[in-house]
Every structure is written in C-alpha cells, then in structure tokens.
Amino acid sequence: DMRALAALLLLAAPGLAAFWSGPVAVGLPQGYGMSIAALGGSAYLYYTALGNGPALSGLVLSGPSYAVAPAPRTGGPAASPYVFHLSNGSLAMLWIGLGPAGSSSLEMSILSAAGWSAPVGLISGGVVLAYASDGRLVYAVWQPAPDPTYASSRLVVIYPNGSRLSLREPGLVGLNGAYSGGAMAVFANGTYAVVGPDGSARRVEAQYAGLSPGGLYVLSGGVLRYGNASLEVPWASAAAPVEGCGGPFAVAWSASGRVAVYAPGGLSLRNFAVPGAVRSVGAVCAGGFLYVAVESVANHSGSIWVAVVPTTPAKPSISASASGPIASVAWSVPYPEEYNVTSTTLLVYINGALAAERPVAPRGTAAYEMSKPGNYTFVLLVSTPFGNATASATLISNATATTAAPQTAATQTPTATTSAATAAAEAATSTQPQTSKAAGGHGLAYALAGTAAIAAALIAWLAVGRRRGAGPRRGSADAPDGARHSRRSRRRP
C-alpha cells in the first residue's frame, strides 16, 4: 500500500522545518537538476548535494512542513535524480553514476515497503546526457564519448525486459518528459520533437514544450496549451501543467527568477521571485497541496526553493458561549493569505431563520444579544477559489438559562452544486458543519481583527436586526494541470 509506505517513510525521517515558501537546500553544485513526484499524499523532492563528491539527497513535503526523505544507496558519486511512477504505480528513480574521466552510467532503483532497491545498471560507459520515462519505457540521450558538438548523440530506448534500441539523433541534447511510447526531444538548436522507439520524429513548433502524464503541452506565442486548456503567460520563458491537481493547474517561470502558479481559469495563486537564474522547475499536487520546486543558481552556487500552495478550502473554527443574554462568539481562519481566502462572513440564525450577516476579518470576536428564547446558530462562512467552507456553533436560550448545543469540528467536503447561501443555511440547521464547492476570486492579505473593536462594531450592527439579501461575496476560480521533467546531467563541479 503506497499510502502506508509513504507514512512509514515520513515517520522514519527526522523533521526539519515548517514553512509555506522559501529555500530548502543551498550551497548545491550547479546544473545537476532536481525532480519531484507525489506519493501517498506527500511530495518527494530529490536533488544533487555535495558530500564526498556529488550525492543524491531528498525531502518529503507534507503540507507546510518537510523532512528528510530516504535515498537509494548508490555506492559512489551520483547526480541528477529523476523520480517517476512505473505503470504499476510504484515510485522509481533514475540517476547518473559518475565514473572516471568524465564517463557515466545510468542507474535505476524502485521504492518498496523495504526501501529503495539495489541499483540496476541500465547503461554503462560513454556519457549519459538526459533521461525520461513514460512508466514503461526508459529513454536516454547517450554519447559514446564526450562530444560538445552533439553530432554523435543517440537516443537509447530501454524496454522492461532489459532489451534496448539505439537510434542515431545528431544534435540531441536533452529530453523533457515522456508519455505513451514517446519522448520530448530537445535539440542543440533549441527545437523540439516527439521521438518514438520506431525512429519516428514529429517536430513541435514551440518556445518550450514537453510531455507529462497528461500528454503534450506547448508554450508558443506567450500561450501555454495543454489538453483542452490554455493560459496566457506572455512574460514567461517556460510553462508546464501540474500533475495530480484534479483540474488544469499550471506553473510558469522566467529565466530571470519570476515564478507564478495558476489555478483553473488563469487565476494567479502565487507570484514570487527567487534569486539568481532559474535552471529548472518541477511541480506536483498531493494531499490537497500544490508543491512548486525551483532550482536556481546565483554567485556560482545552486539552491532549491519550494512554495506550498493549498488547493482546498481553509478549515475555519468558531465557538460560542453565553453570559446571561449576551453571546460571546470567537472565530478563526488558519493562514487566510496562504489559502487565498477571498471573504469571511459571520451569519446569525435564530431557530433556523437568518437574522443577521456581516463580512468580518478572518480572526476575531463579537458579542450578540439574545433578545428572545430560541436556538441561536453562529455560522462562519469562508470563501476561497476552491470552494466555501463553514463552521458553526449553537446556543439554546430560554427564559431562565442559556446552554451550548453539542459542537463538532468543521469538515471539508466541497460539492460542486451547493451555493454559499445553501451551505450557510445547512450549517445553521445542523450540528455538523458543512462545506460547499463554489467559485472564488483573487487571494487577499488580511490583517487580524482586534477583539474589542470588532466586538463593539458587531454589537452595533447585529442589534439592528435582520438583514436579508446581502449574501457572502463570491468570485471566480481558475487554471492548468501536471508535469514532471527529465533531468540533464552536467559536468562534475
């Protein structure tokens, strides 16, 4: 079971940090690349570090935290890891074994409950420049000897039974993914072609192109096209869909260090910069989060930066207590900026009927006068680009006392057909808080509410009585879906 395996590996790995974005590895050798893949609700990131020479190193990312990930035992200098899924769902890794006089070998290992398997040599001798896999076949760019002109480059195709095919492809320098019996070839003159084991080569006119588990994607004329989706990114030098998000998410970047993450419809979820020049970018969705890893080089030193982007609604909380006829309500939305929260609304229901509603800050308190007997339900409605989430708390007021109804934690099971108003009404009439799927707009940075000031303000407007028809503010959702790139090996530092 891959989930159990991932949980076991995570428990066995010492924790390092908790974060939403920032560098996770610095002082790395230049140009060896990195790779990221999903496994059991987490993302596994592998790159080349320096030990006694280049060595494989990895991190497992789970939400806004990460820990050391196990790496295969290579038995010598190793670089440029590339992680991918075999056709049976197992996680596998390809990497370069570095030999004397610039020679190299292509090695492979498969992850199981017992850990990474002993390496299997796929290519020995010569120079391995790049590699990729579609889960069944392994593709590699190989030269019999170092050739800076790339005239002697060959495409080597390795089959599951170990047999191989070698095709002469002058000018071939790299691979950018593979899919369903084909690989995206990158040539020294900057052109692209989909090449197959039968010797076929279909040229692709593009500024940047690749193959992901979802098929072909192309950036041309400032527009990324993949599947049935498209995204305008005129500023980007490269862009790719993101795998495993359940919709067309995408990431785009420029060589100068700008990186942006997009949700379906073109909504920008993140827009940030990393220092230095961007060498490679990988992104994947897992466990309700989108992970973006960026390899950059500045001052002759490599680093890897990671951004963690939630792809589900935030989980709010709310509580209510009473002192006589006065209800004290407190609520909180965790990490509103990171979750791209677009609005937060407090609603009050008396015996199931809406009595008041008002936009509020993501965290705060309020006082409400319960002027007549009944069931008072306080609902916090949170809107994000990925749907609405609610939490509720109920007080029962009668002529002699006020008691709290049984409370439950907020749940997160968005549905595509429930409106925000319906979600709030359902939360008001049930002790089990509900969530609903709806559109959202651009994420906003919120300041946290001051408790005394907001309580006074809420008393004023809640005392006015019932407001109808205002409804919570809503926006729109947005854009692209998954990719993983092959690694190109470089000279040893």
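Which residues have the most contacts inside the largest nonpolar core? They are Leu-45, Tyr-47, Ile-304, Val-306, Ile-318, Tyr-368 and Phe-378, and the core itself has 48 residues. The model is predicted. A second core, separate from the largest one, has 46 residues. Met-184, Leu-231, Phe-249 and Val-259 are among its members. In soluble globular proteins, nonpolar side chains tend to be buried together.

Now the chain as a whole. The protein chain has 493 residues, and 54% of them count as buried. Its secondary structure comes to three helices and 40 strands. Take the contacts between residues at least 6 apart in sequence: 54% of these join residues at least 24 apart.

Back to the largest core, and to Val-306. Val-306 lies among the residues with the most contacts inside that core. Set aside residues up to four places away in sequence. Val-306 then touches Phe-19, Trp-20, Ser-21, Gly-22 and Val-24. It also touches Leu-45, Leu-61, Val-292 and Ala-293. Leu-45 is itself on the list of residues with the most contacts in the core.

Tyr-368 and Phe-378 are on that list too. Their rings belong to the aromatic pairs, which number 13 in this model. Tyr-368 and Phe-378 meet edge-to-face, with 5.9 Å between centres and 80° between planes. The pair links distant parts of the chain: Tyr-368 is in strand S35 (residues 363–369), Phe-378 is in strand S36 (residues 374–384), and the two are 10 residues apart. Tyr-368 counts as buried because its relative accessible area is 8%, under the 20% limit. Phe-378 is buried as well, with a relative accessible area of 1%.

Another aromatic pair has the stacked geometry. Tyr-82 and Phe-84 lie 5.4 Å apart, centre to centre, with 20° between the planes. Both residues are buried. Aromatic residues also gather in one cluster made of Trp-20, Phe-289, Tyr-291, Tyr-335 and Tyr-339. Trp-20 is also one of the residues that Val-306 touches. Elsewhere, a charge meets a ring. The charged end of Arg-258 sits over the ring of Trp-235, 3.9 Å from the ring centre.

Next, follow three strands in sequence order: S28, S29 and S30. Strands of a sheet pair through backbone hydrogen bonds, either parallel or antiparallel. Strand S28 (residues 277–286) pairs with S29 in the antiparallel sense over nine bridges. Within this pairing, Cys-285 has Leu-290 of S29 as its bridge partner. The hairpin of S28 and S29 has two residues between the strands, and Gly-287 takes a positive phi near 60° there. S29 also pairs with strand S30 (residues 301–310), again antiparallel, over 10 bridges. Here Glu-295 stands opposite Ile-304 in S30. Ile-304 is another residue on the core list. The hairpin of S29 and S30 likewise has two residues between the strands, with Asn-299 at a positive phi near 55°.

Why is S29 described as largely enclosed by the rest of the structure? Nine of the 10 residues of this strand (residues 289–298) are buried, so the description follows.

A four-stranded sheet offers another view. Its strands form an open sheet in the order S20-S21-S22-S23, with antiparallel pairing. The edge strands are S20 (208–212) and S23 (229–232), and each pairs on one side only. Neighbouring strands of the sheet are turned by 15° against each other on average, direction ignored. Inside the sheet, strand S21 (residues 215–220) and strand S22 (residues 223–226) pair over four bridges. Leu-219 has Leu-224 in S22 as its bridge partner.

Finally, consider two single residues. Val-141 lies in strand S13 (residues 138–143). Its relative accessibility is 0%, so Val-141 counts as buried. The C-alpha atoms of Val-141 and Gly-174 are separated by 6.5 Å, although these residues are 33 apart along the chain. Beyond four places in sequence, the contacts of Val-141 include Val-127, Leu-129, Ser-153, Arg-154 and Leu-172.

Leu-167 is in strand S15 (residues 164–168). At 16% relative accessibility, Leu-167 is buried too. Its C-alpha atom is 5.4 Å from that of Arg-154, 13 residues away along the chain. Leaving aside neighbours within four places, Leu-167 contacts Ser-153, Arg-154, Leu-155, Gly-196, Pro-197 and Gly-199. Ser-153 and Arg-154 thus appear among the contacts of Val-141 and of Leu-167.

Terms used:
Residues are numbered from 1 along each chain as its sequence is written. This is a predicted model: local features need pLDDT of at least 70, side-chain atom pairs count only at pLDDT 80 or more; totals for chains, interfaces and linings use all residues. Side-chain values use heavy atoms; hydrogens and water are left out. Rings of Phe, Tyr and Trp (its six-membered ring) pair if their centres lie within 6.5 Å; planes under 30 degrees apart count as stacked, over 60 as edge-to-face and the rest as tilted. Buried means under 20% relative accessible area, exposed over 50%, partly exposed in between (1.4 Å probe, protein chains only). A charge sits over a ring if NZ of Lys or CZ of Arg is within 6 Å of the ring centre and within 35 degrees of the ring normal. Two strands pair if DSSP finds at least two bridges between them. Axes are lines fitted to C-alpha atoms, for helices over the stretch in contact, and angles run from 0 to 180 degrees between N-to-C directions. A nonpolar core is a set of buried Ala, Val, Leu, Ile, Met, Phe, Trp, Tyr and Cys residues joined through side-chain atoms within 4.5 Å. Contact means heavy atoms within 4.5 Å.
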